[in-house]
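Work through the exercises below with the sequence and the model at hand. Each task is followed by a solution in steps.

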Amino acid sequence: MEIKIIDNSGVRMNFEFDYRHVTPKLDFNQILIEIRKSFKLQFEKVNSLFSSDDIFFHVNLELESDYGENILGLFDAHQSSNTIFYFRIYQNTIRQIIEKKIYASDDFYEYDDTILHEIIHAADYVMISKTDTIEATNKKVNNFADAALSLNENLKKPHFNWTAVNIIERFRNEGIAVLGEKLLGNNPDPLFDNDVERITNQFKHVLEFCIKTSESIDLIYSLSEKNELYDVLDKRSSEAYIYGHIILLLIIALQHEDKKEICMDAVHYFLGNLEKKPTKEKALEILKIAINTDLSDYINGLLIEPFHHYTSSVIDKQVIFNFCAHIQGESNIDAIKILTENTFTTVYDKFINLMQMTVGYPMTQEEIVDYSKSFVITKDSDEIKKCIKDQMNYLLPLAIEEQNEIAIWSLTYLFDEEELIYDSIPFFGYQDDWLVLNAAIRLIKTSKNNNNGILQD
């Protein structure tokens, strides 16, 4: 691992002016050595999260962040690649290093944990870079002209339709970095006087507010009003830094039954209910799963029923799907309502009627076979698509060999690219397919059990 530190912003000049009278005299080169030492030390904690040891850290020293004067560091995903990672370290970080050197103090300073936080973002680069596809897909799905999508290039705000996606992404991405920072850093900062139910309720409130606001933000014509609303959304979504790691652990615990115990132990540790901190080995194990939980898988986790203490999912499926219909520029509210109310039905006729309403006619066996061959999974595929591939493999022989009507209809829904939620929408597009196939498998298994004389609960 190599580190290169660049100062093109006058940080050294400011340093030499501000500390020119300090005795003994401070050498800026010693500050650079300290930054390099911190990067190496924090990287050693999480190097197993990276696919290669042959990587390069490019660290830019800058005076102040565009995101506020209290920002200590930033991982720049836009410039980075799989092996070359760009970071920005700001003047406030350097001031902390100077204070530590002047006072020779063993007190906790944020900059080490900040650097660890940003290095974990770098380990998560593949997922973070995927969100760059949002804008291109937004244009493709809505067929808008570039001007219709632009707010103000200088403001660097997300496009209207995708505001909610940016906020969910923030909870997922910052949840991972905060999780790693608190498991492997110096300051666990427990969330005393909190519990899982209270945190989940707060997250649910923030998420539904952001989604509904995202649907209406493009109806506001005043730029100043839009910016005020973005400020409100930014403040709400900044709660990701407070409890995003808790929500992430709850999602992982639901999706990985064999990891549920270590995830919930970590949750109780963060809430101050458990004194023993997870070991480094367990911390890295959790972080690897977290990084492999891409945004589509994260959203899918929010739709799982029941979600821990809830009897339903943490967010109403209809809220998510209404948002998707908004992105598509369509009004499918009635159909979506029927879909969300019946995707877990065990009533045969109701499922068939639902499929008839949404896709019209079942595909032929030949069409299903052809489409199944083109449903290819690659290393870059979303996790939910990999899960759907397993569901498809279960249903395919039932549709072809047994001509099972439920299997045929559900696969027709999967292969229909423009059912209720278009598959081309990143992160959301396959959520409805997963629900339909899950319902179909449940219905088929229930039907087989009943035929074998096993009664339903």
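## Exercise 1: The largest cavity

The largest cavity in this predicted model has a volume of about 50 Å³. Task: find which residues line the largest cavity, and sort them into nonpolar, polar and charged.

Solution. Start with the count: there is 1 cavity of 30 Å³ or more. Next, list the lining, which consists of Val 11, Asn 14, Phe 15, Asp 18, Tyr 19, Gln 91, Ile 94, Arg 95 and Ile 98. Helix 1 (11-18) and helix 3 (91-103) are the elements that give two or more residues to this lining. Sorting the residues gives 5 nonpolar, 2 polar and 2 charged.

## Exercise 2: The second largest pocket

Task: state the volume of the second largest pocket and determine which helix supplies the largest share of its lining.

Solution. The volume of the second largest pocket is about 580 Å³. Its lining holds 23 residues, and those nearest the centre are Ala 123, Val 126, Met 127, Ile 291 and Asn 292. At least two lining residues come from each of helix 4 (110-123), helix 5 (125-130), helix 13 (280-292) and helix 19 (383-400). Helix 5 has the largest share, with 4 residues. By class, the lining of the second largest pocket divides into 10 nonpolar, 5 polar and 8 charged residues.

## Exercise 3: Strand 2 and its partners

Task: identify the strands that pair with strand 2, giving the sense and the number of bridges. Is strand 2 largely enclosed or open?

Solution. Take strand 1 (residues 2-7) to begin with: its pairing with strand 2 is parallel and extends over 6 bridges. One bridge can be located by residue, since Ile 6 has Asn 60 of strand 2 as its partner. Then take strand 4 (residues 84-90), which runs parallel to strand 2 and is joined to it by 7 bridges. Here Val 59 has Phe 87 of strand 4 as its bridge partner. For the last part, look at burial: strand 2 (residues 56-62) has 5 of its 7 residues buried, so the rest of the structure largely encloses it.

## Exercise 4: Two residues of helix 9

Task: for Phe 203 and Glu 208, give the burial and the contacts beyond four places in sequence.

Solution. Phe 203 is found in helix 9. Its relative accessibility is 1%, which is under the 20% cut-off, so Phe 203 is buried. Leaving aside neighbours within four places in sequence, Phe 203 contacts Phe 171, Tyr 243, Ile 247, Tyr 298, Leu 302 and Val 314. Of these, Tyr 243 lies 40 residues away along the chain, and the two C-alpha atoms are separated by 8.4 Å.

Glu 208 also belongs to helix 9 (residues 196-216). With a relative accessible area of 18%, Glu 208 is under the 20% cut-off and therefore buried. Not counting residues up to four places away in sequence, Glu 208 touches Ile 315, Asp 316 and Val 319.

## Exercise 5: Cysteines

Task: give the number of disulfides, then classify Cys 263 and Cys 387 by accessibility.

Solution. The number of disulfides is 0. Cys 263 has a relative accessibility of 1% and is therefore buried. Cys 387 has a relative accessibility of 32%, so this residue counts as partly exposed.

Definitions and conventions. Residues numbered from 1 in each chain as written. Predicted model: local features only at pLDDT ≥ 70, side-chain atom pairs only at ≥ 80, totals over all residues. Heavy atoms only, no water. Disulfide = S-S within 2.5 Å. Buried < 20%, exposed > 50% of the residue type's maximum accessible area, 1.4 Å probe, protein only. Pairing = 2+ DSSP bridges. 1 Å grid on protein atoms, 1.4 Å probe; cavity = no way out; pocket = protein on both sides within 12 Å on 5 of 7 lines; lining within 4 Å. Points joined across faces, edges and corners; volume = space filled by probe spheres on them. Nonpolar A, V, L, I, M, F, W, Y, C, P; charged D, E, K, R; others polar. Contact = heavy atoms within 4.5 Å.
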